[in-house]
Amino acid sequence: MRATADAPTPAVARDRPIGAHGGDEAPYLAFDVFDDWGIRALATTRAAGSFGTAGDEPVGVVMGRWAALQAHCFPPDGDGRFATARQVHGAEVLVHDGEWRGWLRGPAADGHVALARGTACAVTVADCVPVYVAHPSGA
């Protein structure tokens with residue numbers, strides 16, 4: 001990425017554990033690369049468990065993990081947007097405006113674009129690397 005006067009290239013991301021208790025592995029890692037822009041980027045760790053709904057675990061357990069992640073992303077009043085989709089190794093990207101609230105489980109897709117602040121976007125990956133792209137405006 002090339003820096004411009006309007007959009008400086010952020011510093012290299014450093015990860016920091018979130019939510020570790022004592023010697024336990026943290027369920028989430030935060031990347032501070034977008035902090036100056038007011039944008040949070042994070043990834044789940046193995047300690048958070050699987051978020052896949054097609055596995056052998058009871059659906060209630062998996063959905064509980066999704067609910068915990070949503071709660072981690074937003075204040076207790078729940079006034080935010082949480083967009084998720086099942087990864088399909090395709091080219092579909094979902095675009096989200098700011099006209100809804102709550103948890104949106106979209107159709108199968110491999111990415112999200114949020115046009116408004118206050119939207120958490122999640123993709124599930126196993127052997128793929130998530131890519132975070134942000135604009136200094138935060139939108």
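Visitor: Where does Ala67 sit?

Guide: Ala67 is in helix 1. Keep in mind that this is a predicted model.

Visitor: Why is Ala67 called partly exposed?

Guide: Its relative accessibility is 38%. Buried means under 20% and exposed means over 50%, so a value in between gets the label partly exposed.

Visitor: How far is Ala67 from Phe82?

Guide: They are 15 residues apart along the chain, and their C-alpha atoms are separated by 9.9 Å.

Visitor: What is the overall layout of the chain?

Guide: Going along the sequence you read β-β-β-α-β-β-β-β-β. That gives one helix and eight strands. Of the 139 residues, 29% count as buried.

Visitor: How do you know that Glu57 and Arg65 form a salt bridge?

Guide: Their closest N and O atoms are 2.8 Å apart. The cut-off for an Arg nitrogen and a Glu carboxyl oxygen is 4 Å, so the pair qualifies. A search of the whole structure turns up one salt bridge.

Visitor: Are the two partners, Glu57 and Arg65, buried or partly exposed?

Guide: One of each. Glu57 has a relative accessible area of 34%, so it is partly exposed. Arg65 comes in at 18%, and with the buried limit set at under 20%, it therefore counts as buried.

Visitor: Where is Arg65 found?

Guide: In helix 1. Its C-alpha is separated by 7.3 Å from that of Ala48, which is 17 residues away along the chain.

Visitor: What makes Phe51 and Trp66 an edge-to-face pair?

Guide: Two values do. The ring centres are 4.9 Å apart and the planes stand at 75°. Centres must lie within 6.5 Å for a pair, and planes over 60 degrees apart count as edge-to-face, so both conditions are met.

Visitor: Which parts of the chain does that pair link?

Guide: Distant ones: Phe51 is in the loop between strand 3 (41–44) and helix 1 (59–73), while Trp66 is in helix 1, 15 residues apart. The structure holds six aromatic pairs, and ring pairs link Phe51, Trp66, Phe82 and Trp103 into a cluster.

Visitor: Why are Phe51 and Trp66 called buried?

Guide: Phe51 has 10% relative accessibility and Trp66 has 2%. The limit is under 20%, so both values pass.

Visitor: Which residues make up the largest nonpolar core?

Guide: There are 11, among them Phe51, Trp66, Phe82, Leu42 and Ala122. Helix 1 and strand 8 are the elements that give two or more residues to this core, and helix 1 gives the most, with three.

Visitor: Which elements help to line the largest pocket?

Guide: Strand 3, helix 1, strand 7 (111–114) and strand 8 (119–123) each supply at least two lining residues. Strand 8 has the largest share, five residues. The pocket has a volume of about 1,600 Å³, and 45 residues line it, with Leu42, Cys121, Ala122, Val123 and Tyr132 nearest its centre.

Visitor: How is that lining divided by class?

Guide: There are 29 nonpolar, 13 polar and three charged residues.

Visitor: What makes the phi of His89 worth a look?

Guide: Phi is near 60°, a positive value, and the residue is something other than glycine. Most residues other than glycine have a negative phi. His89 is found in the loop between strand 4 (81–85) and strand 5 (93–96).

Visitor: Why does His89 count as exposed?

Guide: Its relative accessibility is 58%. Exposed means over 50%, so that value is past the cut-off.

Visitor: Gly49 has a label too. What makes it partly exposed?

Guide: Gly49 is at 24% relative accessibility. Buried would need a value under 20% and exposed one over 50%, so partly exposed is what remains. Gly49 is in the loop between strand 3 and helix 1. From Gly49 to Val61 you count 12 residues in sequence and 9.6 Å in space, C-alpha to C-alpha.

Conventions: Residues are numbered from 1 along each chain as its sequence is written. This is a predicted model: local features need pLDDT of at least 70, side-chain atom pairs count only at pLDDT 80 or more; totals for chains, interfaces and linings use all residues. Side-chain values use heavy atoms; hydrogens and water are left out. A salt bridge is a side-chain nitrogen of Lys or Arg within 4 Å of a carboxyl oxygen of Asp or Glu. Buried means under 20% relative accessible area, exposed over 50%, partly exposed in between (1.4 Å probe, protein chains only). Rings of Phe, Tyr and Trp (its six-membered ring) pair if their centres lie within 6.5 Å; planes under 30 degrees apart count as stacked, over 60 as edge-to-face and the rest as tilted. Helices (H or I, at least four residues) and strands (E, at least two) are DSSP runs, numbered from the N terminus. On a 1 Å grid over the protein atoms alone, a cavity is a set of points where a 1.4 Å probe fits but cannot get out, and a pocket is an open set with protein on both sides within 12 Å along at least five of seven lines; lining residues have an atom within 4 Å of a point. Grid points are joined across faces, edges and corners, and a volume is the space filled by probe spheres set on the points. Ala, Val, Leu, Ile, Met, Phe, Trp, Tyr, Cys and Pro count as nonpolar, Asp, Glu, Lys and Arg as charged, and the others, Gly among them, as polar. A nonpolar core is a set of buried Ala, Val, Leu, Ile, Met, Phe, Trp, Tyr and Cys residues joined through side-chain atoms within 4.5 Å.
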